[in-house]
Amino acid sequence: MSNKVNLQKLPTGVPGLDTLLEGGISRYSFIVLTGAPGSGKTTLAHQMMFALASGQRKALFFTILGEPPLKMLRFQQQYAFFDPAKVGPAIKYVNLADDLQKGGFGGVLERILAEVQSFQPELIFVDSFKSVVQATRDADKSLASLQYFVQQLGVQLSTWQATTFLIGEYADSTQEENPIFTVADGVIHLCQDMDENAIVRKVRVVKMRGSNHMTGLHTFRITGDGLQVYPRLLSGGIVNAAEDPTFRTGAARISTGSAELDGMLDGGIPVGYSVVVTGPSGCGKTVLATSFLKAGARVGEHGIVASFEHGFFYASNAPMQSLIENGHVTEVRPRAFDMSIEEIVSELAAATIRTGARRLVIDSLTALELVLAPQFRANFQQSLFRMLSNLHARGVTVLMVRNLSDALGQGFSSSSFIVDCIIAMRYVERDNRMIKLISCPKLRGSAHSNEVREFVAHADHIQIAVPAQ
C-alpha cells in the first residue's frame with residue numbers, strides 16, 4: 001500500500017505550457033509569475049484564469065498598484081480566450097490600492113481574506129505583488145516581517161483550498177533575494193531576448209514542487225489567441241517505431257515520382273527518412289519536390305509543402321498549385337519573421353496531425369534560415385536536427401531543397417551529415433551547352449547507385465537518361 005499523495009493537476013489552457021509542467025499546475029499550490037514589464041505575465045494569468053474558472057471553480061483577481069481593473073479588462077478582452085459571461089458570476093476583480101495605502105500589508109491581507117471568505121474562490125490572482133513588496137520597503141518594514149506576511153498569506157489561502165498566483169515584475173527571478181520565491185511552490189519566469197533586431201519571448205519553469213517539470217528556456221509567442229509555448233523537444237514523446245516495425249528500417253519505400261531515380265535509390269526513399277536535394281538555382285530541385293508530392297497523391301498519400309519562398313508556388317509552379325487546389329497537398333507558410341525552430345516544428349506537426357500527411361517538402365532550407373530568429377539561425381545545424389527528430393518520430397518522410405551558391409553544384413552543406421539521404425544536382429558544360437547531372441552521394445542502409453546521370457527537368461517531373469550500354 002502506498003501513502004503517496006496524489007497531486008491533482010489543473011490544466012493551464014496555454015498550449016505547450018502543460019508539457020513543461022508535466023500536466024499542469026498542482027491544485028492548491030502557491031505560484032509566482034515573474035518577468036520584466038511587457039513580458040506577458042498578466043496575459044498569461046488571464047489566459048489560465050479564463051481556462052479554469054467556472055461556476056463551480058470561481059476566481060478572484062486582485063489588482064494593487066498596477067493597471068486598474070477597467071483598463072486591464074479593456075485590453076484583455078481583445079484575446080480569444082476572454083469570455084465576458086464569466087466576469088461577475090465566475091470571475092471577480094478587486095482593487096487593493098486603497099487598502100495598501102491605508103493599512104499596508106496588514107490591510108491588504110485583511111481585505112484579501114475578507115474577499116476570499118465572501119466569494120469563496122478556488123483560484124486567486126494578485127497583480128502586481130511587487131507593488132506590495134516595494135511599499136513595505138518604503139515603510140521600512142523588515143525582511144522578516146515581509147516573509148511572515150507571505151507565509152501567513154500562503155497558510156490562510158491554503159486553508160481556503162485555493163490555488164494562488166502572485167504576479168511580480170522581477171527581471172531575473174533567480175537572483176532576487178525575496179522570501180516570496182522561498183515560500184512559493186512554483187515559479188514561472190517570462191523574459192524577452194533581443195538579438196540584432198529580433199525579440200524572442202521565452203519562458204522558464206524555475207521551480208515547481210512535486211513535479212518533474214522541464215527545465216531550460218522555451219520560446220513562446222503572443223497572438224490573438226493568447227500565449228502559445230513551444231517546448232524544446234526532440235520527438236514530443238511520440239510513440240513511433242514500436243507501433244510500426246517498418247519505421248526507418250528501409251523495409252518500406254516510397255517513390256520519388258521517377259522510376260529511374262527510384263532505381264538509383266535502391267527502390268525509392270525509405271519511409272521516415274530525411275532527404276536533402278542540393279544544387280544551384282534552376283537545376284530542377286523544386287521540380288523533383290513536386291514530383292515527390294505528385295507520386296504520393298497518385299497512391300492516396302496526402303502531402304505538405306512548407307513554403308518559405310515568397311509567393312513562389314502560387315506564382316510560378318502550376319503543377320504544385322494544382323496539387324494544392326485539388327486537396328492533395330496542404331501548404332504551410334510562416335506567419336512571421338524571427339520565428340523559433342520549435343514554432344515552425346509546431347506548425348508542421350499540427351499540419352501532419354490534421355491532414356494525416358506522410359510526405360513533407362521544405363522549400364527551401366535556405367529560405368527557412370532567413371525566417372528564423374538570429375539565435376536559431378546562428379546554430380542552424382542544431383535547429384535542423386531538432387526539427388527532423390520531431391518529424392522522424394511522426395513517421396513523416398521529409399524532402400528538403402537546399403540551394404548551393406556554387407553554380408556547378410559541386411559542394412554539400414555543412415549540415416548534410418544530419419540527413420539520411422543526399423540527392424545532388426549540378427551543371428556541367430559540354431559542347432557549349434549546360435547539361436544537368438544527378439547523383440546520390442548518400443543513402444543510409446542502402447546499396448544506392450554511384451552513377452552520375454544526365455537528366456532533363458520538365459514542369460512536374462524529371463526525366464533521367466538511360467546510361468549507354
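This report describes a buried aspartate and several backbone features of one protein chain.

The structure is a predicted model, in which the mean pLDDT is 84 and 84% of the residues reach 70 or more. Over residues 236-246, however, the pLDDT is below 50, and this stretch has 10 contacts in the model beyond near neighbours in sequence.

Asp-127 lies in strand S6, which spans residues 123-127. The residue is buried and yet has no salt bridge, since the nearest side chain of opposite charge, that of Lys-41, is 6.6 Å away, whereas a salt bridge requires a side-chain nitrogen of Lys or Arg within 4 Å of a carboxyl oxygen. The side chain of Asp-127 does make a polar contact of 2.9 Å with the side chain of Thr-42. Leaving aside residues up to four places away in sequence, Asp-127 touches Thr-42, Phe-61, Phe-62, Thr-63, Ile-64, Met-72 and Ile-167.

Turning to the backbone, most residues other than glycine have a negative phi, and most peptide bonds are trans. Two aspartates have a positive phi, as listed here.

| Residue | Phi | Loop between | Relative accessibility |
|---|---|---|---|
| Asp-266 | near 65° | helix H8 (259-264) and strand S13 (269-270) | 37%, partly exposed |
| Asp-431 | about 50° | strand S19 (421-430) and strand S20 (433-443) | 68%, exposed |

A cis peptide bond, with omega of about 5°, joins Asp-363 and Ser-364. Ser-364 is found in the loop between strand S17 (359-363) and helix H13 (365-371).

How values were computed:
Residues numbered from 1 in each chain as written. Predicted model: local features only at pLDDT ≥ 70, side-chain atom pairs only at ≥ 80, totals over all residues. Heavy atoms only, no water. Helix = DSSP H or I, 4+ residues; strand = E, 2+ residues; numbered from the N terminus. Buried < 20%, exposed > 50% of the residue type's maximum accessible area, 1.4 Å probe, protein only. Lys, Arg positive; Asp, Glu negative; His and termini not counted. Polar contact = N/O pair within 3.5 Å; in protein donor to acceptor, adjacent residues only side chain to side chain. Contact = heavy atoms within 4.5 Å. pLDDT = per-residue confidence, 0-100.
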